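Me: I am new to this structure and would be grateful for a close look at a single part of it. Please keep to one strand and its surroundings, and add a word on the surface afterwards.

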Amino acid sequence: MGFAARSGAKMGIISRFRFWILLSLLFFLSGEGFYLPGSYPHKYMVGDTLSVKVNSLTSIDTELPFSYYSLPFCKPQEGIKDSAENLGELLMGDRIENSPYRFKMFANESDILLCRTDPLSTQDFNLLKKRIDEMYQINLILDNLPAIRYTNKGDYILRWTGYPVGIRAGDAYYVFNHLKFTVLVHKYEETNVAKVMGTGDASAAIPNLDKFGSGLPGWMVVGFEVVPCSFQHDSESIKNLKMYDKYPAKIQCDSTTVAMSIKENQPIVFTYEVSFVESDIKWPSRWDAYLKMEGAKVHWFSILNSLMVIAFLAGIVLVIFLRTVRRDLTRYEELDKEAQAQMNEELSGWKLVVGDVFRAPSHPQLLCVLVGDGVQILGMALVTILFAALGFMSPASRGTLITGMLLFYLVLGIAAGYAAVRIWKTIRCGDHSGWASVSWRVACFFPGIAFLIMTMLDFLLWGSHSTGAFPISLFIVLLLLWFCISVPLTLVGGFLGAKAPHVEYPVRTNQIPREIPPQKYPSWLLVLGAGTLPFGTLFIELFFIMSSIWMGRVYYVFGFLFIVLILLVVVCAEVSLVLTYMHLCVEDWKWWWKSFFSSGSVALYIFLYSVNYLVFDLKSLSGPVSATLYLGYSLLMVIAIMLATGTIGFISSFWFVHYLFSSVKLD
């Protein structure tokens with residue numbers, strides 16, 4: 001199955017902020033088309049109207065989406081209307097609107113006049129030139145399929161979604177004002193649809209689309225291609241013509257030449273043609289063209305090789321670690337009590353910090369808050385990727401990925417409150433007083449950081465008049481979701497955590513803290529270096545994710561991400577265990593925060609990688625606003641990663657320390 005599609009069009013900066021996704025092994029090993037749960041083919045009869053929609057103008061040079069109608073293009077006769085958008089589409093920055101392009105099923109048409117614009121004002125002329133210089137793309141949608149464009153480059157055929165606004169040749173600017181559409185259709189067959197569904201009774205869930213009851217064959221749209229052309233129209237000859245009238249002369253569409261240069265105080269004439277072609281592509285496979293990429297096998301083996309190497313190294317670390325601990329425990333337990341007492345006096349190491357290992361850490365409430373938010377973020381990632389793996393959050397269901405992430409994050413507030421308060425109660429040896437304060441801080445810490453960063457970035461987007469900026473109404477909706485759903489659920493989870501029994505420590509804590517011997521190397525240096533191994537598990541997949549977010553490519557290999565996520569969890573746990581054991585061996589009993597940041601330090605390397613990606617892979621990114629947006633979203637991403645990976649390290653280390661000291665016979 002294809003991994004990504006080259007796409008010159010970015011579907012909006014906020015759309016690119018999808019952190020994070022999965023697919024089952026059976027799914028990504030299969031090369032066959034699949035049925036997307038929650039969607040079904042639309043049956044069109046011959047002569048039915050097909051409406052083309054427009055999305056935001058996008059560019060990988062600026063990462064700032066703008067409304068299609070911000071440029072002097074033809075507007076629909078019935079007026080501009082927003083398409084039905086879910087919350088995810090708004091968060092992604094998509095602004096889908098109707099367009100004047102109209103087709104009739106299986107009705108080939110050519111030389112159709114769309115409109116003659118008003119003479120270009122100075123403002124429109126300069127704006128059009130600016131958008132051409134910034135390489136903005138126009139994104140059209142038909143039956144939920146983005147328009148795809150093919151170009152030849154040597155022996156390769158490149159696929160792009162959308163087409164450029166225009167092109168610059170020397171000092172002249174040319175606009176693509178004639179579009180040649182090709183709509184690929186496949187005969188509607190109910191038996192095939194039922195087969196794709198995979199269950200006998202599932203076909204009953206598909207509505208009876210043959211509403212005419214005529215028995216005539218229907219058709220499904222399985223492809224939408226566009227060839228943009230720059231054609232010099234005679235604007236005077238169509239003064240008396242209306243929209244959808246026949247252009248008086250034959251239009252020859254040649255995509256290799258440009259002719260329609262834009263000039264101030266001169267109108268632009270837009271035309272189009274459409275042809276319908278019967279295709280062998282079945283409806284479940286119609287997205288394959290968008291999900292293919294050259295060199296797929298190379299990426300497949302490269303990622304698998306990296307995962308195998310990292311898994312092998314992690315296994316070696318785990319085996320060595322378990323053998324070392326087991327040998328210490330065996331030697332200790334084989335001695336009688338008198339010998340154990342003598343051994344405690346003579347030997348150094350983790351056995352000497354038995355009276356301090358469970359001493360409360362500094363800033364315990366902050367630690368509980370970070371772990372609670374980490375549980376919430378990690379749970380959101382796992383559940384979201386699971387649903388994405390099952391096909392419920394595919395590219396065909398625009399915005400569902402972000403909507404699902406938000407929904408799962410809100411619901412998992414219960415888990416966040418429960419985990420934070422349970423740890424708080426354990427640290428305080430059963431005293432749950434202050435649980436409401438802990439729960440409240442859990443509900444506000446990460447969402448507050450995200451809200452602050454998003455608000456600051458939104459001011460930049462508002463200042464640039466970008467459609468990526470959140471509307472005020474969306475801010476209000478997010479605040480209501482935060483305080484009316486997330487906060488109450490987190491408090492409920494905190495209440496359950498306060499009622500749950502705390503974890504009993506296996507040993508008593510001394511009243512006077514033990515002095516930590518001076519260390520040869522600063523402990524923070526080891527903690528920061530520990531993040532390199534978790535980073536090694538994901539840096540290859542991180543490249544594809546970054547390309548999806550910032551280069552406009554479709555990321556859909558969720559199975560790889562699932563494997564990487566599982567491997568990342570295992571490696572984070574192992575790294576934290578090893579470092580905790582090393583600190584205890586040198587009689588450093590302050591392991592609480594070190595266990596959190598030893599695995600959480602992977603976020604530092606991801607942020608450095610993001611900066612590297614900005615400098616070397618996003619060289620075309622222009623302007624301080626675009627760079628600030630990139631760094632702002634990268635910062636939010638690494639904070640979330642730090643909380644999730646730090647939580648993995650802390651919980652695994654806590655379990656290990658509890659198990660280690662409960663396995664030793666002590667007076």
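How many bridges join strand S12 to strand S14, and do the two run parallel or antiparallel?

Reply: The model is a predicted one, and the description below should be read in that light. Strands S12 and S14 run parallel and are joined by 8 bridges. S12 covers residues 178-187, while S14 covers residues 269-278. One of the pairings between them can be located exactly: Val185 has Glu278 of S14 as its bridge partner.

S12 also pairs with strand S13, which spans residues 219-229. Here the direction is antiparallel, and 10 bridges make the connection. Among the residues involved is His178, whose bridge partner in S13 is Cys229. Strand S12 is thus joined to S13 by an antiparallel pairing and to S14 by a parallel one.

The surroundings of S12 can be described through burial, for which the cut-off is under 20% relative accessible area. Of the 10 residues of S12, 8 are buried, so the strand is largely enclosed by the rest of the structure.

As for the surface, a nonpolar patch of about 390 Å² is formed by Ile414, Tyr418, Val492, Phe495 and Leu496. Helices H9 (413-427) and H11 (472-499) each contribute at least two residues to this patch. The largest share, 3 residues, belongs to H11. Leu496 lies in helix H11, and this residue counts as partly exposed because its relative accessibility is 44%.

Methods:
Residues are numbered from 1 along each chain as its sequence is written. This is a predicted model: local features need pLDDT of at least 70, side-chain atom pairs count only at pLDDT 80 or more; totals for chains, interfaces and linings use all residues. Side-chain values use heavy atoms; hydrogens and water are left out. Patches are made of residues with over 30% relative accessible area and no salt bridge: like charges are joined within 9 Å, nonpolar side chains (Val, Leu, Ile, Met, Phe, Trp, Tyr) within 5 Å. Accessible areas come from the Shrake-Rupley method with a 1.4 Å probe; for residues, only the protein chains shown count as cover. A salt bridge is a side-chain nitrogen of Lys or Arg within 4 Å of a carboxyl oxygen of Asp or Glu. Helices (H or I, at least four residues) and strands (E, at least two) are DSSP runs, numbered from the N terminus. Buried means under 20% relative accessible area, exposed over 50%, partly exposed in between (1.4 Å probe, protein chains only). Two strands pair if DSSP finds at least two bridges between them.
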